[in-house]
Amino acid sequence: MNDNTVDIANFEECLNALIDGELGELEHQSLLDAAADSPQLGTRLAQALKLQQALQAIPMEKAPAKLTRNLRKIPTQHRAPRSPWLLQPRWAIAAGLLALLFATTLYLPGNSQTELEVAQGRQDLALALAYLDNANRSTNSRVRSTLNDHMLMPVTEHTSRALQRQL
Amino acid sequence: MKILLTIALAALMSLPVAAQTSQLESLPGYIDFGNLDEIYGEPRVMVNIGGSLLRLMSAAAASDEPEAAALMRDLKGVRIKVYPTGGNLGPALEQMNQARAVLQAEQWEPVVQVIEENEQVQIFMKANEDIMEGLTVMVVNEEEAVFLNILGQIDPKQIDKVMNQLNVDIDVDTE
């Protein structure tokens, strides 16, 4: 993905890249911006994140023992001429597994980190709003009481003077 | 190899935090409250939420909590520091006065000012052509000193609803 901006046209493509862990930092930022600007896109992003979590929760099932045995027999039944050690399948598999392990190590903590950050962010925001609300209530009540202290007397005096004039 | 992986992961994870801090400092509604750690110790509460995290939170809340999502979408940053004063109001009041001088010099408008024997409250707002850029709340009393800086737009009427939606049990009532 070369274009860093996200619009409705390539939003779906970006969501797929996000789920596959192939989204760059700038594209990720653009995706968030687009989702923040449009409730519709925000909903789709939330759904994609849920799908991503659901996919991660699916347990890996072991292959049947018979299939494993049969697969293991194949190299002995069809022995190919030996290639240089680096190009042998076991090294290729090992290298692939190592790359997968590295990618998983980078990818999984990133997601759980994001979830933790969002949860912590919600708690922090609620705390900040609670302090703001507290200050707001405190000053409101003071302003009201101050106004009452100053206003009650003039109103009373003004009213009594007006009544006296009428009498 | 393990050490290299750890360093790479740590570097990757620390990048967004550093980016958020510098992102907040460059915004027009940002105010430096200084540091009272040497006098009061570590803050009782310290929160720094940047725009990226707020956008992520907004996107995550868009479907189930639309009002909370809208509030988060309009915010660019939230910072709060709360120190326990333990009756020692002097340093916190001095810090508040310094911050107030900076706010006034930067054309912030005083919204509310309460000066009483045992408590002082200062609320300032910064707007640019009817668009709110920041809100600063400073409260110093016998129990604590609160320095709150909200960057972006916030509608106080939304706070109650959003707090209910966030569903976090918080009690900060010190009265």
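**Exercises on a predicted model**

Reading chain B from its N terminus, you meet its elements in the order α-α-β-α-α-β-α-β-β-β-β-α. Keep in mind that this model is predicted.

**Exercise 1.** Work out how many helices and how many strands chain B has.

*Solution.* Go along the order of elements and tally each kind: you should end up with 6 helices and 6 strands.

**Exercise 2.** Check whether the end-to-end distance of helix α2 (residues 25-37) of chain A agrees or disagrees with its expected span.

*Solution.* Start with the 13 residues of this helix in chain A; at 1.5 Å a residue, they should span 18 Å. Remember to multiply by one less than the number of residues. Next, look at the end C-alpha atoms: they are 18 Å apart, so the two values agree.

**Exercise 3.** The structure holds 2 aromatic pairs over all chains. Describe the pair of Phe33(B) and Phe147(B).

*Solution.* First, get the geometry: the ring centres are 5.3 Å apart and the planes stand at 45°. Angles under 30 degrees count as stacked and over 60 as edge-to-face, so this pair is tilted. Then locate the partners: Phe33(B) sits in the loop between α1 (2-25) and α2 (37-40) of chain B, and Phe147(B) in strand β6 (residues 144-152), so the pair ties together parts 114 residues apart in sequence. Last, check burial, which needs a relative accessible area under 20%: Phe33(B) is buried at 5%, and Phe147(B) is buried at 2%.

**Exercise 4.** Now do it for Tyr40(B) and Tyr83(B).

*Solution.* Their ring centres lie 6.0 Å apart with planes at 40°, so this pair is tilted. Tyr40(B) belongs to helix α2 and Tyr83(B) to strand β2 (residues 75-84) of chain B, 43 residues apart. Both Tyr40(B) and Tyr83(B) are buried.

Terms used: Residues are numbered from 1 along each chain as its sequence is written. Chains are lettered from A and ligands numbered from 1 in the order in which they are written. This is a predicted model: local features need pLDDT of at least 70, side-chain atom pairs count only at pLDDT 80 or more; totals for chains, interfaces and linings use all residues. Side-chain values use heavy atoms; hydrogens and water are left out. Helices (H or I, at least four residues) and strands (E, at least two) are DSSP runs, numbered from the N terminus. Rings of Phe, Tyr and Trp (its six-membered ring) pair if their centres lie within 6.5 Å; planes under 30 degrees apart count as stacked, over 60 as edge-to-face and the rest as tilted. Buried means under 20% relative accessible area, exposed over 50%, partly exposed in between (1.4 Å probe, protein chains only).
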